[in-house]
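Okay, my turn. Let's pull the model up on the screen and take a quick walk through a few pieces of it.

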Amino acid sequence: MIFSQRNAIAVFAMTSALLLFGGTAQANTVTSSNGTATASLTIQSDWGSGYCASVSINNQGDAATTTWQVVVNPNNATINNLWNGNLANNIVTSMSYNSHIGVGGNAGFGFCANTHGGNYLPTLSNLTVSGGGNNQSSSSSVVSSSSSMMSSSVSSSSSVPVSSSSSSLSSVASSSSSSSNSSSNSSEPEMIPNAVSNGWPYCRSADSDPDGDGWGWENSYSCIVYGSAADAGPGDFPYCLIGADQITLCDSDTGSWGNEAGQICLSHSMCPGMGSATQAPMRSTPVNPNADGTTRDVYGYLQSIWGEYMLSGQMDLTWQDNIDQYQRVINDTDRAPAIMGYDFMNYGLYWNGISGLTQTEEAIAHWNRGGLVTFTWHWRDPGAAEGIIGEFYTEDTSFTIPMLNGELDTSSTSFANIEADVDMIAAELLRLQATGVTVLWRPLHEASGGWFWWGRNDRTDEVPAAYAQVALWQYLYDRLTNHYGLNNLIWVWNGQSAAWYPGDDVVDIVSFDIYDGSQNYESQIGTYNQAKAYPHEVKMVALSENNNIPDPDLMAAEGAWWLYFMVWNDTDTAEGVTSSSNFWTGEYYNTNAHKRHVYNHERVITLDELPAF
């Protein structure tokens with residue numbers, strides 16, 4: 001944001017048991033006739049009635065490939081979902097963005113299948129590549145084959161609104177996502193290319209052009225709306241255009257940023273307009289494999305409601321302890337928000353009279369009354385001198401994410417200051433973990449906007465701002481998860497631009513913040529679809545900050561299945577004052593009638609309707 005006892009209502013108990021019969025169950029490799037390329041298949045998960053697998057194509061020749069083709073033998077199974085490739089009669093061919101594989105590089109695809117009896121695990125039987133020096137093909141050449149069987153079970157019991165259910169991995173991986181997929185497929189727009197022929201980037205959303213002249217503003221730079229009067233037609237450039245940056249494309253597509261021969265590069269599949277609209281199924285558990293039982297239960301519950309319901313949320317007023325946003329919602333609607341939002345903004349500012357230093361205690365109190373909790377962090381300048389209130393706006397601080405040789409500069413004073421701040425916040429998150437609180441954790445929010453130092457785009461070292469933010473996110477995940485053992489976090493990414501996405505293995509939920517006029521109750525389907533398309537896997541999508549609350553009727557009709565909304569806080573006024581600075585109280589953004597409509601809607605979950613975790 002830019003500042004200027006539970007009742008079982010409409011819920012029933014649901015028990016979901018997920019039995020995995022295999023982890024990485026089988027490997028099978030075929031090679032081209034002269035050994036210049038190989039394709040290797042790995043079973044990622046096998047639960048008896050179905051499985052998911054990945055295939056990696058590796059270029060071992062002396063020239064780049066231009067296309068590839070792999071024949072998959074599914075045996076007694078039917079492929080029901082495939083990503084990063086085109087499937088026809090069990091033949092998978094490359095996409096435009098992953099057909100080029102540089103020397104020593106790799107590309108790949110994945111798929112899931114339903115089984116029909118025994119002998120259902122797949123094998124590869126043929127690989128054909130073009131380029132790489134010559135066209136080559138091979139009959140099946142099994143280089144390695146191994147199998148291991150393992151079993152594990154995950155079960156949960158929770159109360160959910162009446163029409164939600166799940167009973168197997170496949171239903172979590174497909175129905176939880178398909179309810180959202182099917183609801184919005186009909187409205188998903190055509191893939192917008194990366195750049196215009198005249199060298200300008202395409203806008204990712206027409207909403208970036210409020211006056212309708214075809215010119216918008218994204219990534220701190222002008223952009224052109226696809227199909228508008230200003231559109232001169234798509235261009236074809238050997239780089240990825242993001243804002244003003246011409247970013248080198250990697251030879252190997254890892255689905256993220258890379259560093260090849262000392263040069264920072266971006267995978268084709270991460271470049272806006274070059275990726276695939278096909279996504280892998282949603283994970284059945286959080287990205288942290290050691291997530292505690294409560295956190296797994298919360299994550300499973302969120303999956304069970306996504307696509308049918310929206311959780312109500314309200315942001316606390318961090319910088320004014322004497323204003324109770326939670327009670328203001330109750331006063332206007334006779335209902336309480338399911339989620340309360342808190343902020344570590346003032347932690348580290350220790351002097352008498354300052355507000356915002358009891359956010360941890362307030363979060364524990366909301367959890368104990370049956371609620372869910374989310375935290376953000378307006379991270380003040382880590383380099384601010386002792387006794388000085390550090391700023392978080394780019395224009396007010398020169399602090400920059402320290403980078404050296406394509407990595408975080410861990411030897412720098414700036415990094416030492418970053419780590420000290422992270423350690424301070426980790427202590428608060430550990431307190432929350434010790435009291436059993438699961439946190440929807442949203443650090444580094446709104447990064448691509450450039451207005452916070454973690455997204456600053458005026459770097460002088462030629463390191464793309466998005467790359468630096470990804471490096472910082474990945475460090476945060478590693479430090480909090482692996483160093484501190486914080487297993488109570490559900491990671492919510494709010495970077496709001498595809499190239500800023502840090503990777504499917506460190507993100508549980510994607511989100512967007514929307515401030516769009518006043519008393520505008522649109523579903524925001526365009527922005528929803530934009531955010532939903534960022535990951536390579538299906539991820540739940542949340543409205544992590546807003547002024548106007550989308551009308552639940554429009555949300556359901558158009559398929560904009562925001563997992564939750566989070567109305568921003570008020571300013572320091574009496575209750576009921578209508579002002580553009582009051583996002584809840586008064587009627588500037590949401591009329592009292594609209595508030596009651598939302599909070600009493602059958603599609604909106606309030607505090608009294610949450611299950612016990």
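**One helix and its buried side**

So, helix α5 buries Phe-415, Ile-418, Asp-421, Val-422, Ile-425, Ala-426, Glu-428, Leu-429 and Leu-432; buried means under 20% relative accessible area, exposed over 50%, partly exposed in between, with a 1.4 Å probe and protein chains only. Those residues sit on the same side of α5, because they cover an arc of only 165° around the axis, taking the arc from the directions from the helix axis to the C-beta atoms. Generally, an α-helix has 3.6 residues a turn, so residues three or four places apart point the same way.

Quick housekeeping: this is a predicted model, where local features need pLDDT of at least 70, side-chain atom pairs count only at pLDDT 80 or more, and totals for chains, interfaces and linings use all residues. Residues are numbered from 1 along each chain as its sequence is written, and side-chain values use heavy atoms, with hydrogens and water left out.

What covers that buried side? Among the elements there are α4, β23, β26 and α6, with contact meaning heavy atoms within 4.5 Å. Helices (H or I, at least four residues) and strands (E, at least two) are DSSP runs, numbered from the N terminus. On the face turned away, you'll find Thr-413 and Ala-434 exposed. After α5 comes Gly-436, with a positive phi near 85°.

Now over to helix α9, residues 592-599, where His-594, Lys-595, Val-598 and Tyr-599 are buried. They line one face of the helix, since they fall within an arc of 125° seen down the axis of α9. Their packing partners are β21, α3, α8 and β30.
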